[in-house]
Every structure is written in structure tokens, then in C-alpha cells.
Amino acid sequence: GHPAFGDDGFAPDARLNVIGRWLPTVPSPAANPGQGSLLLNGHVDVVAPGDERLWSVPPWGGVIQDGKLYGRGSCDMKAGVTAAIFAIAALKALGYQPAHEVMMQSVIGEESGGVGALTTIVKGYHADAAIILEPTRMELCPVQAGALTFRLTVPGKAAHAAMKNEGVSAIDKFMVLNEAINELN
């Protein structure tokens, strides 16, 4: 029911988001309540592999060749999700205690919006800062372009090619809209 929801055609209740919360046991005296919580967010859904016969390795196999892992989502972005979980586990093993909540989100629905990160926000799982675990070749990327998914209905009137002037081309009308969308972008 959220206005930003984009229906991707998959049943939203057939896929789950997983949230892990690391709460501070003793908040730091210098910490300001409500300021400093951190969210680590990564998606585990992937686009379809297409014709699996065209793959040199099984797309769902997680094959290691020449020191590299091959398989759907291994880079985008299961590696980021795994790295974040490992980092939290390492900090815990060292006895580190955060002054504010650290939240790990493994979400679905990144390829089309609504059932992943948007759902976690709507359900109240948010923080003061977020690190999105996208692969960036180890470079900081302090901006996000975002995405907007929507549907347009462009009416037209069918006509035989011999009587083109009696019709209205929905394609021609869409081109005007497409130019405006590209200009806005």
C-alpha cells in the first residue's frame, strides 16, 4: 500500500528480509541518544541468469576458479553482506561494544522496489547513518543516484497505415514524454 512500492510480480510474502540488531550493552556517556546508530544494508536477490547453458560455470553453483568466486550475486552483493557480518563478528570477538545500535539488513527486492529496503523503513528499521554494501572496488561512494520505477499509459488511436492521419500514435506521444524524462534526469 505504500506509494513508492513497485510491484515486481513476485509474491512479497514469499521472500524474507532478515534484520540483525547489535544493541549497546552500556551506552557511552559521551553518546547522544538517537544520534550515531548505524545500518548496514545489502540485498541478496539477483536478476535471472538467462539461458544457463551459456554460462561457463553453473550460475547458482558458487564455483571458485583461479582464486575468484563465480556465481549469481557473488559480487553484487552477497560479498558485501558476508563482509559486514564477518566485520560485526570480528568486532564482537575483540570485545568491542558499540555506543549505539548497529543493524545488519539482508534484504530482497533491490532489483525492483518495495519489498526490500523500503519495507524495512516502513516497519521502523532505520538508523542515523547507513552503509549500503554495493561493490565499489573498495572506493567510498558517498552518494546514491536512486531509482524511480513507474508505469505510464499513453493513449492512442489505431489506424491503418494508409490512413495514418486518422489515428493518434501513442509512440509519438511517448517520445515527447521520454524526452522530458531524460531532460529531468
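Here are some worked exercises on the predicted model shown above.

Before starting, note that residues are numbered from 1 along each chain as its sequence is written, and that side-chain values use heavy atoms, with hydrogens and water left out. Since the model is predicted, local features need pLDDT of at least 70 and side-chain atom pairs count only at pLDDT 80 or more, while totals for chains, interfaces and linings use all residues.

**Exercise 1. Work out how the strands of the open sheet are ordered, and which ones sit at the edges.**

Step 1: Get the terms straight. Helices (H or I, at least four residues) and strands (E, at least two) are DSSP runs, numbered from the N terminus. Two strands pair if DSSP finds at least two bridges between them.

Step 2: Read off the order. Four strands make an open sheet, 1-5-2-6, with mixed pairing. Strand 1 and strand 6 are the edge strands, each pairing on one side only. On average, neighbouring strands are turned by 15 degrees against each other, direction ignored; axes are lines fitted to C-alpha atoms, for helices over the stretch in contact, and angles run from 0 to 180 degrees between N-to-C directions.

Step 3: Check the pairs. Strands of a sheet pair through backbone hydrogen bonds, either parallel or antiparallel. Strand 1 and strand 5 (residues 102–107) run antiparallel and are joined by five bridges. Along this pair, Trp22 is opposite Val102, and Gly20 is opposite Met104. Strand 2 and strand 5 are parallel, with six bridges; Gly42 has Ser106 of strand 5 as its bridge partner.

**Exercise 2. Decide how enclosed strand 5 is, and which way its side chains point.**

Step 1: Apply the cut-offs. Buried means under 20% relative accessible area, exposed over 50%, and partly exposed in between (1.4 Å probe, protein chains only).

Step 2: Count. Six of the six residues of strand 5 are buried, so the strand is largely enclosed by the rest of the structure.

Step 3: Sort the directions. In a regular strand the side chains alternate between the two faces of the sheet. Here Val102, Met104 and Ser106 point one way, while Met103, Gln105 and Val107 point the other.

**Exercise 3. Find what helix 1 packs against and what it gives to the largest nonpolar core.**

Step 1: Locate the packing. Helix 1 (residues 74–93) touches strand 1, strand 2, strand 5 and strand 6 of the sheet, and its direction makes about 145 degrees with that of strand 2. Contact means heavy atoms within 4.5 Å.

Step 2: List its buried residues: Ser74, Met77, Gly80, Val81, Ala84 and Ile88. Their cover includes strand 4 as well as strand 1, strand 2, strand 5 and strand 6.

Step 3: Build the core. A nonpolar core is a set of buried Ala, Val, Leu, Ile, Met, Phe, Trp, Tyr and Cys residues joined through side-chain atoms within 4.5 Å. The largest one has nine residues: Trp22, Leu40, Met77, Val81, Ala84, Ile88, Val102, Met104 and Leu133. Helix 1 gives the largest share, four residues.

Step 4: Zoom in on Val81. Not counting residues up to four places away in sequence, Val81 touches Gly42, His43, Val44, Met104 and Leu133.

**Exercise 4. Spot the unusual backbone geometry.**

Step 1: Recall the norm. Most residues other than glycine have a negative phi, and most peptide bonds are trans.

Step 2: Look for a cis bond. The peptide bond from Asp76 to Met77 is cis, with omega near 5 degrees, and Met77 lies in helix 1.

Step 3: Look for positive phi. Asp66 has a phi of about 50 degrees and belongs to the loop between strand 3 (63–65) and strand 4 (68–70). Arg137 has a phi near 55 degrees, in the loop between strand 6 (129–132) and helix 3 (170–184). Asp66 counts as exposed at 80% relative accessibility, and Arg137 is exposed at 80% too. Gly95, which follows helix 1, also has a positive phi, near 85 degrees.

**Exercise 5. Explain why Cys75 and Cys141 do not form a disulfide.**

Step 1: Set the rule. A disulfide is a pair of cysteine sulfur atoms within 2.5 Å.

Step 2: Check the distance. The closest cysteine sulfur to that of Cys75 is in Cys141, 14 Å away, so a bond is ruled out as too far. The disulfide count is zero.
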